[in-house]
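Hi everyone, and thanks for making time for this. Today I'd like to walk you through a structure that is probably new to most of you. Let's put it up on the screen.

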Amino acid sequence: MVKVLDRLLLFLLSVVVLIASLVLLFAAFGLISYQQAGNFVHDVYYEMNAAVIFISVTLVVALLSIRFLYLSVRRGAGESVPSIDQRTEIGDIRISLDTVENLSLKAANRTRGVKDLRARVKVSQAGLEIIIRAIVDGESPIPRLTEEMQANVKKHIEEITGIPVAFVSVFIANIQQQTSPTFKSRVE
């Protein structure tokens, strides 16, 4: 919701800046006469209705500008990549969840009979929760295959990252269908 509102405000600010730029360009090229510009300035200074409208528009544009200036300065800290943070004696270590997912896929792929893999990693109080989605060849026993995959992933992640793995959940999504071998006919 906030991003939609910020986009709307950015659009409004862009329209106001565009109109102001066009007015200044017209004035620079002489399309707005000196007399008309003088009348506008006179109205802003001496007529209350014109002054209230001018001050209101100027305040809205200033507030919008301040908002987007704040967002541009804050943007670096606001869009951080999800990561696991560890503190050591020497300093801080940050490991992205994408890195842990890729390590999980690498370890799970070592299991024979696995054809297609996807991984998702969640961080909990007990440690990492890793969910592996796999398509298998259908020739290996699924219980043995999944246990081997779980053990490989748990061991590999804990060994490489030093972060405890609470559990590894394996979901067998499908079995890859074997395509019948194609034989080329031999003509003699």
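Before we start, one bit of vocabulary: a residue is called buried under 20% relative accessible area, exposed over 50%, and partly exposed in between. Please also keep in mind that this is a predicted model.

Let's try those words out on helix α5, which covers residues 142-161. R144 has a relative accessible area of 39%, so R144 counts as partly exposed. Its partner is E148: the two side chains meet in a salt bridge, 3.0 Å from N to O. E148 is partly exposed as well, at 30%. The two residues sit 4 residues apart, about one turn of the helix.

Further along, helix α5 holds another pair, K154 and E158, again 4 residues apart and about one turn of the helix. Here the closest N and O atoms of the salt bridge are 2.9 Å apart. K154 is partly exposed at 34%, and E158 is partly exposed at 29%.

How many salt bridges does the count come to? The answer is 5. One of them joins R67 to D6, with the closest N and O atoms 2.9 Å apart. This pair links distant parts of the chain: R67 belongs to helix α3 and D6 to helix α1, and 61 residues separate them. Is D6 buried or exposed? D6 has a relative accessible area of 13%, which is under the 20% cut-off, so D6 is buried. R67, in contrast, is partly exposed at 28%.

Let's stay with helix α1, which runs over residues 2-28 and includes V23. V23 is partly exposed, with 42% relative accessible area. V23 also helps make a nonpolar surface patch of about 620 Å², together with L5, L8, F11, L12, V15 and I19.

Now for the aromatic rings. Searching the whole structure gives 2 aromatic pairs. In one, F40 and F54 have ring centres 5.8 Å apart and planes at 70°, so this pair is edge-to-face. F40 is in helix α2 (residues 34-46) and F54 is in helix α3 (residues 48-78), so the pair links distant parts of the chain, 14 residues apart. Both rings belong to partly exposed residues, with F40 at 46% and F54 at 38%. There is also a tilted pair, Y45 with Y46, at 6.4 Å centre to centre and 45° between the planes. Y45 is exposed at 64%, and Y46 is exposed at 64% too.

On to the strands. Strand β3 (residues 114-123) and strand β4 (residues 128-136) pair in the antiparallel sense over 9 bridges. If you look along β4, you'll find I131 standing opposite R120. What lies between the two strands? There are 4 residues there, making β3 and β4 a hairpin, and G127 in the turn has a positive phi of about 140°.

My last stop is A173, in strand β5, residues 165-175. A173 is partly exposed, with a relative accessible area of 26%. Leaving aside residues up to four places away in sequence, A173 touches R133, A134 and I135. E47, on the other hand, lies 74 Å from A173, C-alpha to C-alpha, and the two are 126 residues apart in sequence.

That's my tour, and I'm happy to take questions!

Technical notes
Residues numbered from 1 in each chain as written. Predicted model: local features only at pLDDT ≥ 70, side-chain atom pairs only at ≥ 80, totals over all residues. Heavy atoms only, no water. Patch = residues over 30% accessible without salt bridge, like charges linked within 9 Å, V, L, I, M, F, W, Y side chains within 5 Å. Areas by Shrake-Rupley, 256 points an atom, 1.4 Å probe, with all protein chains shown as cover. Salt bridge = Lys/Arg side-chain N within 4 Å of Asp/Glu carboxyl O. Buried < 20%, exposed > 50% of the residue type's maximum accessible area, 1.4 Å probe, protein only. Phe/Tyr/Trp six-rings, centres within 6.5 Å; stacked < 30°, edge-to-face > 60°. Pairing = 2+ DSSP bridges. Contact = heavy atoms within 4.5 Å.
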